[in-house]
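Got your viewer open? Let's take a short walk through this chain, one selection at a time.

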Amino acid sequence: MSTLYVSDLDGTLLLRSEHTSEYTNRTLNELIENGLTNPTPQPTPVAN
């Protein structure tokens with residue numbers, strides 16, 4: 001069985017400084033090392 005991890009960037013993975021925390025970086029790297037493939041978050045589109 002596979003597990004799907006879903007998250008967004010704004011307000012979840014990104015800090016107010018628009019960077020990820022060391023904790024987030026470590027966690028994502030650990031997930032990748034354990035088989036998570038292509039964790040590509042999609043940005044929220046900017047309104048015109």
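Before you colour by secondary structure, a word on terms: a helix here is a DSSP run of H or I with at least four residues, and a strand is an E run of at least two. Keep in mind that you're looking at a predicted model. With that rule, the chain comes out with 1 helix and 0 strands.

Now switch on the surface for the whole chain. It has 48 residues, and 8% of them count as buried. The accessible surface is about 4,700 Å², with 53% of that belonging to carbon and sulfur atoms.

Next, select 22-33, which is α1. This helix has 12 residues and runs 16 Å from its first C-alpha to its last, close to the 16 Å expected at 1.5 Å a residue. Step just past the end of α1 and click on Gly35, where phi is positive, at about 110 degrees.

Then go back to the other side of the helix and pick Thr20, in the segment before α1. Is Thr20 buried or exposed? Neither, because its relative accessible area is 29%, which makes Thr20 partly exposed.

Stay on Thr20 and show what surrounds it. Beyond its neighbours within four places in sequence, Thr20 touches Leu13, Leu14, Leu15 and Asn25. Zoom in on Asn25: its side chain makes a polar contact with the side chain of Thr20, at 2.5 Å.

For a last stop, draw a distance between the C-alpha atoms of Thr20 and Leu9. You should get 8.9 Å, for two residues that sit 11 residues apart along the chain.

Methods. Residues are numbered from 1 along each chain as its sequence is written. This is a predicted model: local features need pLDDT of at least 70, side-chain atom pairs count only at pLDDT 80 or more; totals for chains, interfaces and linings use all residues. Side-chain values use heavy atoms; hydrogens and water are left out. Buried means under 20% relative accessible area, exposed over 50%, partly exposed in between (1.4 Å probe, protein chains only). Accessible areas come from the Shrake-Rupley method with a 1.4 Å probe; for residues, only the protein chains shown count as cover. Contact means heavy atoms within 4.5 Å. A polar contact is a pair of N or O atoms within 3.5 Å; within protein, one must be able to donate a hydrogen and the other to accept it, and residues adjacent in sequence count only if both atoms are side-chain atoms. The expected span of a helix is 1.5 Å times one less than its number of residues.
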